Amino acid sequence: MNQEITYTCRFCKTTRTFEADTEGAIKLGMNVGLWIKNLCCERCGNYHWEKKKTIWKISKLCGVLAIARNQCSEDLKDVEKVVDERLTVLTKKLAHLVCDYHFVQRTWDREFVDSIMQCPDKFYAVIKVYVKGISEIPRENIVI
Ligand SMILES: [Zn+2]
């Protein structure tokens with residue numbers, strides 16, 4: 001039987017409700033309390049999923065770049081050019097996702113790509129700094 005479930009999104013802390021068959025879940029041995037505690041709303045779920053996918057693509061490119069540099073590939077210049085172009089597209093996508101999620105004006109800087117190109121093994125730190133910076137923009141600059 002369906003029951004109304006009220007939960008707080010673990011990311012944005014908004015309270016929401018939906019209907020689900022908890023009795024069935026309990027019978028299957030599910031820890032419903034823990035499950036409810038870990039729920040997130042659709043907006044946050046989509047954001048985190050899209051962000052994760054984009055970061056995964058960036059990490060693959062950084063891997064390609066690091067290998068090409070380590071092996072001093074003959075076509076290193078070409079590899080760097082292609083990686084740079086793709087990183088430009090992906091970091092713009094990531095920037096739009098992060099800015100939209102935090103309701104701030106979309107901002108992207110060429111430096112985002114340059115920083116990753118300089119230290120591909122530190123790409124995650126570069127992304128973390130960017131996301132943190134956007135999330136900490138004062139609320140008065142927010143556009144809705
Ligand atoms: Zn949320």
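This report describes the fold, the domains and selected residues of a predicted model.

**Overall form**

The protein contains six helices and two strands. In sequence order these elements give the pattern β-β-α-α-α-α-α-α, with both strands ahead of the helices. The C-alpha trace spans about 65 × 40 × 20 Å along the principal axes. The radius of gyration is 20 Å, whereas a compact globule of 144 residues would have one near 15 Å. Buried residues account for 15% of the 144 residues. Among contacts with a separation of 6 or more, 56% join residues that are 24 or more positions apart.

The protein is divided into two domains: domain 1 covers 3-37 and domain 2 covers 42-141. Their C-alpha centres are 34 Å apart.

**The hairpin**

Strand β1 (residues 3-8) and strand β2 (residues 15-20) pair in the antiparallel sense, over six bridges. One bridge links Ile 5 with Phe 18, the latter in β2. β1 is hardly covered, since the count of buried residues among its six residues is zero. Six residues lie between the two strands of the hairpin, and Lys 13 takes a positive phi there.

**Helix α6 and its surroundings**

Helix α6 (residues 123-135) has 13 residues, which at 1.5 Å a residue should span 18 Å; the end C-alpha atoms are 18 Å apart, so the two values agree. Which residues of α6 are buried? They are Phe 123, Val 126, Ile 127 and Tyr 130. Seen down the axis of α6, the buried residues fall within an arc of 95°, and therefore they line one face of the helix. On the other side of α6, the exposed residues are Ala 125, Lys 128, Lys 132 and Ser 135. The cover over the buried residues of α6 includes α3 (42-70), α4 (76-101) and α5 (110-118).

Pro 120 sits in the loop between α5 and α6. Pro 120 counts as buried because it has 22 C-beta neighbours inside 10 Å, and the cut-off for burial is 20 or more. Leaving aside residues up to four places away in sequence, Pro 120 touches Cys 62, Leu 65 and Ala 66. Pro 120 and Val 64 are 56 residues apart in sequence, yet their C-alpha atoms are 9.4 Å apart in space.

**Two loop residues with positive phi**

Most residues other than glycine have a negative phi. Lys 13 has a positive phi and is not a glycine. Cys 72 likewise has a positive phi without being a glycine. The table lists both residues with their loops and angles.

| Residue | Loop | Phi |
|---|---|---|
| Lys 13 | between β1 and β2 | near 65° |
| Cys 72 | between α3 and α4 | about 45° |

Are these residues buried or exposed? Lys 13 counts as exposed because it has 9 C-beta neighbours inside 10 Å, where the cut-off for exposure is 12 or fewer. Cys 72 is exposed as well, with 7 other C-beta atoms within 10 Å.

Key: Residues numbered from 1 in each chain as written. Predicted model: local features only at pLDDT ≥ 70, side-chain atom pairs only at ≥ 80, totals over all residues. Helix = DSSP H or I, 4+ residues; strand = E, 2+ residues; numbered from the N terminus. Rg over C-alpha atoms; globule rule 2.2 N^0.38 Å. Contact = placed C-beta atoms within 7 Å. Pairing = 2+ DSSP bridges. Domains from an automatic or database assignment. Expected span 1.5 Å × (residues − 1). Arc of directions from axis to C-beta.
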